[in-house]
Amino acid sequence: GAPEPADAPASIRLLVFGAPEELEAFRTLVSAYGKAAPGAEVQLIEASDREDLITRLSTSIAGGSPPDLFLMNYRFYGQFAAKNAIESLDGRLAKSTVVKSEDFYPQAMGAFRWRDQQLCLPQNASSLAVYYNRTLFKKFGVAEPKPGWTWNDLITTATAMTRNASGAIVRGTEAEGGSARVAVYGLGVEPVMIRVAPFVWSNGGQIVDNDRKPTRFTFDSPAAREALRNFVELRLAYGVVPTDEEVEAEDDASRFANGRLAMLLESRRVTTTFRTIKDFEWDVAPLPTYGQRVGILHSDAYCITRGSKAKDAAWRFLEFAVGPEGQRIIAGTGRTVPSNIEVAKSSAFLDPAQPPRNAQVFLDAIATVKPVPTISTWPEIEDVTGGILENALYRGDKLDDVIRQLDEQTRPLFARGETP
Amino acid sequence: MRWRSVGAVAVVAVFLPPLLMLVAGSLRRPGLPPPPGPQLLPDPMSAEGYTQAVDLGGLVRAGVNSVVVAAVAVPVSVLVAALAGFALTQLPRRLTAVVVVASLGALMAPATALLVPRFALFRTLGLTDTLAPLVAPALLATSPLYPLVYYLAFRALPADLYDACRLEDLSPLRTWWRVAMPLVRPVTAAIAALTFVLTWSNFLDPLVYVYDRDLFTLPLALRSLATLDPTNFPVFLAGAVLTTVPPLAVFVVAQRRFLHQYRES
Amino acid sequence: MTLVLDGVRVTHGATEVLHGVDLAVARDELLVVLGPSGAGKSTLLRVVAGLQPLAAGRVAIGGRDVTRLRPGRRNVAMVFQTYALFPHLTAADNIAFGLIVRDTPKAEARERAHRAATVVGCAHLLDRRPGQLSGGERQRVALARALVREPDVFLLDEPLSNLDAELRVEMRAELKALHGRVGGMMLHVTHDQVEALVLGDRIAVLRAGRIEQVGTPDEIWRTPATTFVARFVGSPPMNLLPADGPLPGLASTGQVIGVRPAAVRLGADGVAATVERVEVVGEDAHAYLRLGEHPMVARIPAADRPAPGAQVRVAVREADVHVFDAVTGQRV
Amino acid sequence: MTLVLDGVRVTHGATEVLHGVDLAVARDELLVVLGPSGAGKSTLLRVVAGLQPLAAGRVAIGGRDVTRLRPGRRNVAMVFQTYALFPHLTAADNIAFGLIVRDTPKAEARERAHRAATVVGCAHLLDRRPGQLSGGERQRVALARALVREPDVFLLDEPLSNLDAELRVEMRAELKALHGRVGGMMLHVTHDQVEALVLGDRIAVLRAGRIEQVGTPDEIWRTPATTFVARFVGSPPMNLLPADGPLPGLASTGQVIGVRPAAVRLGADGVAATVERVEVVGEDAHAYLRLGEHPMVARIPAADRPAPGAQVRVAVREADVHVFDAVTGQRV
Amino acid sequence: MSRRQLGLMLAPYTVGLVLLVFLPAAVTLAFAFTDYDLVQPPQWTGTANLTELAGDDIFRTALVNSLVFAAVAVPLRLLVALGLALLLHRRAPGVGTARAVAALPTAVPEVAYGLLWLWLFNPLYGPVNQLLRVGGENGLTALGRTPPQWLTDPTDARAAIVVMSLFTIGESFVVLLAARLALPPEVYELAAIEDATGWDIFRRITLPLIAPVLGLLLVRDTILSFQVSFVPALVVTDGGPPPYATTYLSLFVYRNAFEYLRYGYASAATLVMLALTVVAVVLQWRLIRRSLGSFGQATR
Ligand SMILES: Nc1ncnc2c1ncn2[C@@H]1O[C@H](COP(=O)(O)OP(=O)(O)OP(=O)(O)O)[C@@H](O)[C@H]1O
Ligand SMILES: Nc1ncnc2c1ncn2[C@@H]1O[C@H](COP(=O)(O)OP(=O)(O)OP(=O)(O)O)[C@@H](O)[C@H]1O
Ligand SMILES: [Mg+2]
Ligand SMILES: [Mg+2]
């Protein structure tokens with residue numbers, strides 16, 4: 001950007017979203033920044049969810065008055081990056097005395113590089129893990145998941161943990177209402193692309209034909225097909241995951257929190273909520289594998305809008321937020337795995353007094369995480385595939401149809417998308 | 001008439017339960033799993049949802065904002081609608097037809113189609129991040145339906161009354177104020193109540209035009225509560241109850257006036 | 001101060017309601033407009049008030065052309081046939097309305113409203129709203145509302161139609177007295193010929209949008225210009241018979257003879273007639289007769305009335321005979 | 001078929017509008033209800049129609065207690081004082097309404113509506129909506145609507161008040177003839193005493209919610225039961241003078257003398273009086289006199305009228321004198 | 001002078017109309033012929049967006065959903081509102097309460113309302129299905145059927161959106177109530193004397209007399225039906241169950257415009273939606289006109 005006049009406004013606006021408790025963490029961050037940099041002012045613009053955030057961001061950019069900074073997942077920033085709405089940070093990063101690129105996990109940094117420019121700096125570098133209810137495992141005498149376990153182990157464990165009210169193992173696959181008798185399900189997992197992808201990768205397959213310039217989904221390859229088949233069989237063949245009705249009635253996170261779900265595939269974000277659980281003990285385990293250890297990246301980053309009128313001030317806040325102090329504050333909420341390597345390895349994140357005891361699982365996974373393609377039409381692709389996968393899991397659509405639909409319905413979206 | 005009362009009871013029996021469930025739900029203790037069977041009264045009962053909702057959602061501040069917006073927007077709205085509706089009865093028929101068609105056309109424009117250009121407009125006027133954009137629809141009578149409702153109401157008054165006013169050399173404005181308005185009080189009560197509700201529950205406008213958390217209105221605050229995890233549903237429902245109480249009160253008060261009619265000579 | 005209508009034409013869509021009315025009302029004159037239902041009487045008043053757009057013609061008040069002047073500037077007061085009371089105001093406020101909107105002090109307005117109400121006998125109703133009044137009560141309030149001001153022209157559209165006889169007689173006198181007191185021109189529409197005859201300085205008889213005759217009550221009564229006026233004024237109406245009918249020799253062929261019922265004498269002489277029906281109205285009786293094929297009414301003292309079915313003889317004095325052209329209906 | 005009201009009381013909030021009315025209408029009788037504005041005439045009709053809840057009392061039609069029967073089941077037809085025409089229907093549809101909702105075949109309904117409209121002289125208006133009709137035209141449509149059916153009871157609330165004299169006379173005859181033809185009971189509210197006297201088989205005089213007298217027109221005229229009835233029937237109204245007033249010796253102290261204007265003779269003999277004002281009504285004149293402090297009206301032939309201000313002498317025949325109690329107003 | 005005053009009285013509203021509706025709407029509709037992503041300047045593309053819409057399956061589904069919703073919900077809503085207004089226009093014990101209660105759901109802010117129903121329709125714990133299960137066993141209804149899968153079965157989800165919309169008829173109800181109360185009572189008294197049946201009174205008097213208001217509401221509701229389905233679909237069903245059972249045009253437009261940054265494309269969809277609305281309204285207007293004759297003119 002052009003050099004700012006000396007009296008550029010010190011006040012900047014930061015657009016974030018989250019549930020009230022999460023927003024509270026950002027407020028803490030902002031007030032800490034206020035103390036660290038007297039005179040600087042940060043106005044927090046709070047959206048309640050991703051849709052709200054994107055609506056706000058796009059209308060305000062179009063209306064000519066965008067926020068200076070916003071926080072966004074790498075899966076969604078592509079559309080803004082492609083449209084040239086985000087300021088490159090390379091110059092500022094090079095000059096910075098507070099942060100350096102090396103401070104951050106490269107996997108997270110890489111996700112936010114667009115056409116050889118660092119557009120955003122990651123706030124976190126989370127990944128998928130298996131949350132499990134230790135108390136329940138002990139009660140039923142089933143072995144807890146441990147590093148190196150496989151997809152088959154997952155199925156076995158989940159089957160062993162799917163119980164009825166009297167504690168007997170049942171299959172939640174019987175027709176009409178029979179499944180209602182399941183009191184505890186073995187596993188909870190959302191039928192979405194970002195849950196399926198790591199298993200495809202682990203099985204040696206690819207979800208798209210070209211990671212950098214994808215043109216189609218490749219579930220027709222044997223490895224991907226097998227991983228997908230195993231995934232969608234969780235419900236109708238094994239009956240270890242709740243029915244769609246049950247999920248609508250009570251989502252997996254609260255089912256887990258209420259002690260009726262043995263394992264849950266989730267990212268770091270549910271940790272904050274789960275820390276309020278008092279009735280049982282829980283922990284995390286790494287993802288099961290098909291052989292290769294591969295995880296999937298979950299990462300949000302701060303981006304400066306190109307239309308910002310206070311880019312320098314925004315940068316100063318950004319430096320603070322992804323720097324050690326800011327990262328420690330956010331890590332304290334438990335919500336994120338810090339992207340700042342140093343902070344991630346510190347007790348701010350690994351605090352043994354706070355569950356999960358096994359937080360190291362998240363850090364170990366980072367080395368093997370992979371991002372989904374950052375294509376500008378990815379949000380649309382996720383929406384389209386979500387519906388198809390949902391029907392595949394709960395309704396048992398034929399695998400060939402599922403694979404065909406995934407391909408056919410997303411091809412135009414890939415074609416329209418812009419890639420880094 | 002007895003059957004009317006029976007009907008009234010039936011109406012209450014159908015329309016009230018959703019709201020009762022809302023209240024019942026809000027009284028559950030946050031963090032508990034959902035109850036296995038129907039519960040009219042939650043067990044245990046707790047007002048914790050309310051305290052949490054007020055804290056987490058910043059409902060006090062949002063409430064004040066909502067009140068400020070409504071306090072300006074509702075009277076202005078009613079005024080705009082009533083003035084326009086009256087003018088339509090007096091202006092030449094062709095002009096009236098144009099405005100009526102234009103109003104119907106305006107009704108058709110979906111809110112989403114107006115967000116972005118309006119944003120640009122408000123920014124040009126320097127009004128973003130103030131409460132002004134939330135009050136602005138009042139200039140439009142909140143909904144173009146209301147001037148039309150007023151128009152029909154004023155048109156139904158006996159023409160002789162307007163003639164009597166013309167004889168007394170009353171200007172249109174005074175005729176409107178002294179004669180027309182008092183005679184359509186039920187309509188005014190109804191429209192005031194409806195604009196209040198529309199203004200109060202306006203969600204898209206604040207979402208787009210207001211950044212400052214201190215300027216959030218209740219629906220926006222409520223929206224952030226809606227992202228709480230499901231076991232905290234009572235918190236959200238408590239927020240919904242608190243947000244719903246004022247419009248309910250307005251409706252109950254206003255409906256008393258719907259009935260009041262002057263029988264004309 | 002005079003009121004002049006000049007070639008006034010009014011149309012409602014395709015139908016012409018007033019076909020070129022010329023009328024002059026003199027200073028301080030009370031003119032009664034008389035005419036059958038639908039003749040255009042109300043329309044005429046609305047024209048004077050300025051409430052009715054003209055298709056053609058001019059209206060002048062006090063020598064000033066007011067054709068394009070808006071109603072409020074014409075200084076007229078009107079009693080509407082439908083009363084047009086404001087339903088939301090009490091009788092008192094209805095009456096004082098014109099004063100209050102002209103910024104008359106509250107106390108004075110109230111005082112004058114009370115006086116006007118007393119004149120029309122509705123002072124005890126001042127706190128009621130129109131919805132709580134009977135038809136006649138409403139009419140009196142409407143009348144009071146017109147009387148409270150001192151306009152140049154009073155326009156009264158059947159202001160007494162819903163009052164009972166006694167009250168009507170009383171109000172008639174009040175109106176006349178009031179008019180004598182405050183002056184101004186008064187256009188008074190009525191169906192009631194007694195009212196017209198008693199009240200009017202002059203009477204204008206309207207028929208289907210045309211003025212048939214304007215004259216003093218005496219002129220109208222004694223020398224009705226047309227058969228229409230002749231029949232319209234007088235109750236029971238004047239008998240009309242062809243010249244070559246049962247009473248021959250009073251007019252030439254192609255003419256019509258008119259005889260008022262009171263001028264029909266029943267006695268020993270004259271033309272034979274059958275009594276068909278007798279109505280008794282207090283000390284008078286109306287005998288409906290048939291002279292051959294011709295019906296005829298006689299007004300006679302109730303005491304002298306014949307029995308229905310009786311045979312009587314009918315005589316008419318030549319002085320009491322009106323003669324009209326059979327085709328045009330014009331007085332000869 | 002009779003109609004009986006028994007102790008009917010009606011209240012509007014705190015005010016009692018009818019204070020226990022007893023009334024019996026005989027089979028096929030035409031009863032005229034006469035009374036000043038606000039007396040409760042409309043209310044009485046509404047009671048019979050079943051539109052007005054009773055505070056006390058009973059209503060029976062044809063011997064059957066209908067007090068709790070809903071209006072539609074009483075088989076009555078009504079003309080409202082305000083017409084109550086349906087604004088959205090043409091005159092034809094308004095008239096046919098009662099037939100159509102009773103599933104009369106379309107063609108027959110139309111035919112009968114047309115006939116009824118012809119009777120009241122509004123057949124040419126059948127295609128218009130009420131908003132396009134003049135006051136009298138609306139009234140005729142309302143009347144036709146009542147006449148089109150053949151109910152047990154006709155309730156007519158001032159059905160002719162907005163019609164002109166000629167039309168009124170005609171309609172009066174029509175109503176009477178119609179009643180003779182179709183029979184049924186008819187309650188006819190009017191202000192017009194001529195109408196009452198001519199039309200009614202009997203007349204009920206209502207005053208402030210109480211019936212003062214019920215009788216044939218002749219009885220009402222000749223032997224008014226109270227001073228109120230005496231003054232109310234007759235125009236100009238009966239003169240009332242104290243027994244010890246200007247015409248002494250006709251009654252004893254504590255009594256009131258009533259003399260109808262037509263019975264007042266102006267001549268060479270009698271008490272001296274001043275002529276204050278003279279109204280000419282066709283061949284009659286009303287002379288407003290003053291006998292000392294007492295006003296008096298005389299109805300005399302217009303030809304014999306004195307000039308205003310003249311001194312005359314007033315005489316009354318003893319046979320023409322009505323005597324009432326000064327306190328109760330009852331006939332003695 | 002009085003003309004000018006009348007003009008001034010109308011002025012605020014017309015200014016509002018032009019400034020807040022017509023100008024913005026015109027701008028948005030102009031974008032229908034461009035490729036506009038809200039970030040970069042729009043590029044003129046002619047009718048490309050419209051052509052693409054024609055081949056878009058999701059759009060077609062949304063279109064059909066919207067039309068079906070309008071065809072089902074609009075008459076039902078109006079009937080409910082009219083029924084309530086006629087039932088509750090006269091005083092009787094309980095009527096005042098019923099009136100307030102009938103209008104109450106409308107007073108619940110949209111966001112709260114959506115989430116309330118999300119809970120009411122909860123397939124297992126929701127009060128609606130718990131009520132339907134009363135008397136049944138094993139999670140079935142008394143008739144031995146599975147209760148509706150409000151949020152997971154496409155048909156049931158569509159029904160759920162309609163049911164939700166039936167409770168928010170407060171506005172129409174109130175307007176109709178006010179209109180009914182303004183009708184002259186003598187006319188009804190006359191009808192009572194003529195022993196007109198309730199149906200006759202409704203058909204021959206009430207309906208024609210409130211027809212102008214009813215017509216206005218019909219038109220308005222049709223217009224709004226393309227819009228009211230938005231929040232419920234967003235909050236309650238999120239456009240699902242798959243594939244796109246409750247994706248209505250409004251949601252389609254919202255998603256494309258603000259979530260996928262395809263504002264030009266969304267504008268084109270808006271254009272189609274508007275065209276559709278205009279056609280629906282004109283058809284209805286014709287119908288109303290015909291059934292009303294020239295009455296609309298004659299009342300004045
Ligand atoms: N809006 C209208 N459209 C068509 N004709 C109308 C309209 N208004 C009035 N008329 C007709 O104009 C004529 C005159 O109406 P006006 O009200 O002046 O009569 P009127 O003499 O006052 O009668 P009435 O004594 O019955 O009140 C009537 O024939 C009436 O039908
Ligand atoms: N709603 C009401 N509240 C209070 N008083 C009322 C109400 N309706 C009528 N009244 C009174 O009841 C009395 C009788 O009214 P009603 O209409 O029966 O009179 P009426 O004899 O028909 O008079 P008119 O000849 O003037 O029509 C009147 O004094 C009137 O003021
Ligand atoms: Mg008239
Ligand atoms: Mg009356």
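**Group meeting: the A–B interface and the ligand 1 site**

Let me begin with chain A and chain B, between which the count of salt bridges is zero. I should say at once that this is a predicted model, and I would ask you to keep that in mind throughout.

So what does hold a place at this interface? Three residue pairs are in polar contact between chain A and chain B, with both partners at pLDDT 80 or more. As for the elements on the side of chain A that touches chain B, those that give two or more residues are helix 1 (20-36), strand 2 (41-47) and helix 2 (50-63) of chain A. Helix 2 of chain A gives the most to that side, with seven residues. Sorted by class, the side of chain A that touches chain B has ten charged residues, twelve polar and six nonpolar, and I would set those ten charged residues beside the count of zero salt bridges between the two chains.

Turning to the extent of the contact, 28 residues of chain A are in contact with 28 residues of chain B. Between them the two chains, A and B, bury about 2,200 Å², and 60% of this lies on carbon and sulfur atoms. On the chain A side, the residues that lose the most area to chain B are A:Pro20, A:Arg56 and A:Thr59, which together make up 25% of what that side buries.

Let me now move to the other pair of chains, C and D, since ligand 1 lies between them. Which residues come nearest to ligand 1? Of the 20 residues around ligand 1, the nearest are C:Ser42 and C:Thr43 from one chain, and D:Arg128, D:Ser134 and D:Gly136 from the other. By class, this shell has twelve polar, four charged and four nonpolar residues.

Looking at individual atoms, a polar side-chain atom of C:Gln81 lies 2.8 Å from an oxygen atom of ligand 1. From chain D the partners are backbone atoms: a polar backbone atom of D:Gln132 is 3.2 Å from an oxygen atom of ligand 1, and a polar backbone atom of D:Gly135 is 3.3 Å from an oxygen atom of ligand 1. On its own, ligand 1 has 640 Å² of accessible area, and the protein covers 85% of that. The elements that give two or more residues to the shell around ligand 1 are helix 1 (41-49) of chain C and helix 4 (135-147) of chain D.

Methods
Residues are numbered from 1 along each chain as its sequence is written. Chains are lettered from A and ligands numbered from 1 in the order in which they are written. This is a predicted model: local features need pLDDT of at least 70, side-chain atom pairs count only at pLDDT 80 or more; totals for chains, interfaces and linings use all residues. Side-chain values use heavy atoms; hydrogens and water are left out. A residue is near a molecule or strand if one of its heavy atoms lies within 4 Å of it. A polar contact is a pair of N or O atoms within 3.5 Å; within protein, one must be able to donate a hydrogen and the other to accept it, and residues adjacent in sequence count only if both atoms are side-chain atoms. Accessible areas come from the Shrake-Rupley method with a 1.4 Å probe; for residues, only the protein chains shown count as cover. Helices (H or I, at least four residues) and strands (E, at least two) are DSSP runs, numbered from the N terminus. Ala, Val, Leu, Ile, Met, Phe, Trp, Tyr, Cys and Pro count as nonpolar, Asp, Glu, Lys and Arg as charged, and the others, Gly among them, as polar. Contact means heavy atoms within 4.5 Å. Buried area is the accessible area (1.4 Å probe) that two parts lose on being put together, summed over both. A salt bridge is a side-chain nitrogen of Lys or Arg within 4 Å of a carboxyl oxygen of Asp or Glu.
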